[in-house]
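Me: I should like to learn how unusual backbone features are read in a model that is new to me. May we go through them one at a time?

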Amino acid sequence: MKLRERLRDLKKISWDSRPAHERRILAAGAVVLAPIAFYFLLWQPAHDGLARLEKNLPLMRLQAAQMQHQAAEVDALRQRAQPAVLTPTAMKTVLENSADAVQLRGTIESLEPMEPNGVRIAFASVPYAKWLEWMRGLQRDQHIRVDTLSVVALQTEGMVKINATLVNGANK
């Protein structure tokens, strides 16, 4: 059976079989309930949603602007020249020069090149905050990052003993 035929049969069974008085009462009930259902099922949720959207729109616009700014920043970072992978000897020289620039050169206990692109570095006593800032600069500017790290707190507040292996480049 087709859908039309089914609906026609259903109408005959449920509507046409009812007395005229009952059909008038059901029709009047439908006329009264239809606007109420329209209001509670369509109008009120749409009206509440509109108010919620008007309230959230400034925040959404701010988030969209932040995302556009971040996307532009990502594009700029992608187009920035990537530093070449340094040899261990060149990396040792970069670390020595950088440590000189931030007054950490005198605290380096040992600095040994390691193949293929790493350096083992040790500090007997170094201010942790200063070392951390130095490492952030190395990572940002030279793509030198910490591969392994051992930090031991010393008796003097803020001072630590550090043994680390530093590597260069995008290879992990």
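Reply: Certainly; please keep in mind that the model is predicted. As a general idea, most residues other than glycine have a negative phi, and most peptide bonds are trans. Departures from this pattern are our topic.

Me: Which two residues does a cis peptide bond join?

Reply: The cis bond joins E115 and P116, with omega about 0°. P116 belongs to the loop that runs between β1 (108-114) and β2 (118-127).

Me: What is the phi of Q103, and where is Q103 found?

Reply: Q103 is not a glycine, yet its phi is positive, near 60°. The residue sits in the loop between α3 (88-101) and β1.

Me: Is Q103 buried or exposed?

Reply: Exposed means over 50% relative accessible area. Q103 has 59%, so it counts as exposed.

Me: What is the phi of H143, and how accessible is H143?

Reply: H143, also not a glycine, has a positive phi of about 60°. Its place is the loop between α4 (128-142) and β3 (144-153). Because its relative accessibility is 21%, H143 is classed as partly exposed.

Me: How is a separation between two residues read, for example that of E5 and A129?

Reply: One states both the separation along the chain and the separation in space. E5 and A129 are 124 residues apart along the chain, and their C-alpha atoms are separated by 82 Å. E5 is part of helix α1 (residues 3-16), and with a relative accessible area of 35% it is partly exposed.

Conventions:
Residues numbered from 1 in each chain as written. Predicted model: local features only at pLDDT ≥ 70, side-chain atom pairs only at ≥ 80, totals over all residues. Heavy atoms only, no water. Helix = DSSP H or I, 4+ residues; strand = E, 2+ residues; numbered from the N terminus. Buried < 20%, exposed > 50% of the residue type's maximum accessible area, 1.4 Å probe, protein only.
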